[in-house]
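Student: I have a protein model open and would like to learn how to read its features. Could you take me through some of them, one at a time?

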Amino acid sequence: MKPKVFVSRLIDRDALDMIAEVAEIEVWGDELPPSYEVLLEKVKDVDGLLSLLSDRVDTTLMDAAPKLKVISNLAVGYDNIDITEATKRGIQVGNTPGVLTETTADIAFALLMAVARRVVEADRHVRKGQWKTWGPMILLGQDIHHATLGIIGLGRIGIEIAKRARGFNMNVLYHDVVRNEEAERQLGVKYISELNELLSTADFISVHVPLLPGTHHLIGVSEFALMKPTAVFINTSRGPMVDQKALYEALRSGKIFAAGIDVTEVEPISTDDPLLTLENMVITPHIASASVHTRRNMAMMAAENLLAGLRGEVLPNCVNPEVTQ
Ligand code: GLV
């Protein structure tokens, strides 16, 4: 008998075909994710689940899926899954690292540039009929070249940001729990052991750390207070890394110059959230990995993880390898 699989959204056709060759597959075809209640129902006799970061995979869900062997998350982040619980139950969890690194770094840099040079605001200015003349004092932004970039978290994505920054002659600082001397030699980045020092020195601050209990609200009122009034803040990691009320206040009061964010504390952000009233903020709807090429690669990788788990093999990209040791 073929194993059963639930795929919680429409993904690349080839990835789905690959799964369908060996498994009885049900795909959730709606644009919006299945509700938690529907997901509970859908997983009740599955061997494998291909989940998205919008699916909460917790103890109750695992209780509802007694046959579950593998959870393959279509994302590099997996804060939507209770990994400790999965490990306890011998369920392997897979993710999709690597393939989205540069695509994500590209959008972090795109936000950085858009915000610093007020690109989106300028576009609105033109469309609203406000372009009256070449104005020596209108829409002045911050220079990117030769400015100081502070990267929080020099992992795969952080390193790619540093490479892009070098092309703009930026001075790059980084803060991380571990120092990476090789990256310092290769990329000319400078380690700053105290986060507060990086926050007060950098012109641009970009966050690239995973969401963990210890990184929740890593950036809040006191961190924004340390930043320069000309600072540009970028978040393409996870919304809850930042205290969103503090971000709003920092932007509204001119405590910092501007922000570019791809993630929010609750997604989607409510359309009446005060953040959306601010001109000095550019927001995208969690699309950092959304290029045609990368989303296909992620789907293939997630399918490979899923199939390996169904065969009882170690997943090519497993976040809890202790399950099989
Ligand atoms: C997207 O946010 C991911 O974690 O892949």
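Tutor: Gladly! Let's begin with a single residue: Asn-169 has a relative accessible area of 48%, so it counts as partly exposed. Keep in mind as we go that this is a predicted model.

Student: Where does Asn-169 lie?

Tutor: Asn-169 sits in the loop that runs between helix 7 (156–167) and strand 7 (171–175). Its backbone deserves a look too: phi of Asn-169 is near 55°, a positive value in a residue other than glycine.

Student: What is the phi of His-217?

Tutor: For His-217, phi is positive at about 50°, although this residue is not a glycine. You will find His-217 in the loop between strand 9 and helix 10. With a relative accessible area of 30%, His-217 is partly exposed.

Student: Which peptide bond is cis, the one from Glu-267 to Pro-268 or some other?

Tutor: The bond from Glu-267 to Pro-268 is cis, and its omega is near -5°. Pro-268 belongs to the loop between strand 11 (258–261) and strand 12 (281–283).

Student: Now the charged side chains, please. What is the general idea?

Tutor: Side chains of opposite charge can pair when their charged atoms come close.

Student: How many salt bridges does a search of the whole structure find?

Tutor: The search finds 24 salt bridges. One of them joins the side chains of Asp-14 and Arg-296, at 2.8 Å from N to O. Asp-14 is in helix 1 (residues 13–22) and Arg-296 is in helix 12 (residues 292–310), so this pair ties together parts that are 282 residues apart in sequence.

Student: Are Asp-14 and Arg-296 buried or exposed?

Tutor: In between! Asp-14 is partly exposed, at 37% relative accessibility, and Arg-296 is partly exposed as well, at 32%.

Student: What about a pair that sits in loops?

Tutor: Try Lys-228 and Asp-203, which form a salt bridge whose closest N and O atoms are 2.8 Å apart. Lys-228 lies in the loop between helix 10 (221–226) and strand 10 (232–235), and Asp-203 in the loop between helix 9 (195–201) and strand 9 (204–207), so the pair ties together parts 25 residues apart in sequence. Lys-228 is partly exposed, at 26%, whereas Asp-203 counts as buried, at 18% relative accessibility. The cut-off to remember here is that buried means under 20%.

Student: Which helix holds both Glu-249 and Arg-252?

Tutor: Both lie in helix 11 (residues 244–252), three residues apart, about one turn of the helix. Their side chains meet in a salt bridge of 2.4 Å, N to O. Salt bridges can also link up into a network, as they do for Glu-102, Asp-106, Glu-160, Lys-163 and Arg-164.

Student: Finally, how do I describe two packed helices?

Tutor: Use the angle between their axes and the distance between the axes. Here, the axes of helix 1 and helix 12 come within 8 Å and cross at roughly 15°. That makes helix 1 roughly parallel to helix 12, and their crossing is right-handed.

Student: Which residues of helix 1 and helix 12 make the contact?

Tutor: Helix 1 contributes Asp-14, Ala-15, Met-18, Ile-19 and Val-22, while helix 12 contributes Arg-296, Ala-299, Met-300, Ala-303, Glu-304, Leu-306 and Leu-307. By class, the contact of helix 1 with helix 12 has nine nonpolar, no polar and three charged residues. Among these residues you can spot Asp-14 and Arg-296 again, the pair whose side chains meet in a salt bridge.

Note on methods: Residues are numbered from 1 along each chain as its sequence is written. This is a predicted model: local features need pLDDT of at least 70, side-chain atom pairs count only at pLDDT 80 or more; totals for chains, interfaces and linings use all residues. Side-chain values use heavy atoms; hydrogens and water are left out. A salt bridge is a side-chain nitrogen of Lys or Arg within 4 Å of a carboxyl oxygen of Asp or Glu. Helices (H or I, at least four residues) and strands (E, at least two) are DSSP runs, numbered from the N terminus. Buried means under 20% relative accessible area, exposed over 50%, partly exposed in between (1.4 Å probe, protein chains only). Axes are lines fitted to C-alpha atoms, for helices over the stretch in contact, and angles run from 0 to 180 degrees between N-to-C directions. Angles under 35 degrees count as roughly parallel, over 145 as roughly antiparallel, 65 to 115 as roughly perpendicular and the rest as oblique. A crossing is left-handed if the near helix is turned anticlockwise from the far one by less than a right angle, and right-handed if clockwise. Contact means heavy atoms within 4.5 Å. Ala, Val, Leu, Ile, Met, Phe, Trp, Tyr, Cys and Pro count as nonpolar, Asp, Glu, Lys and Arg as charged, and the others, Gly among them, as polar.
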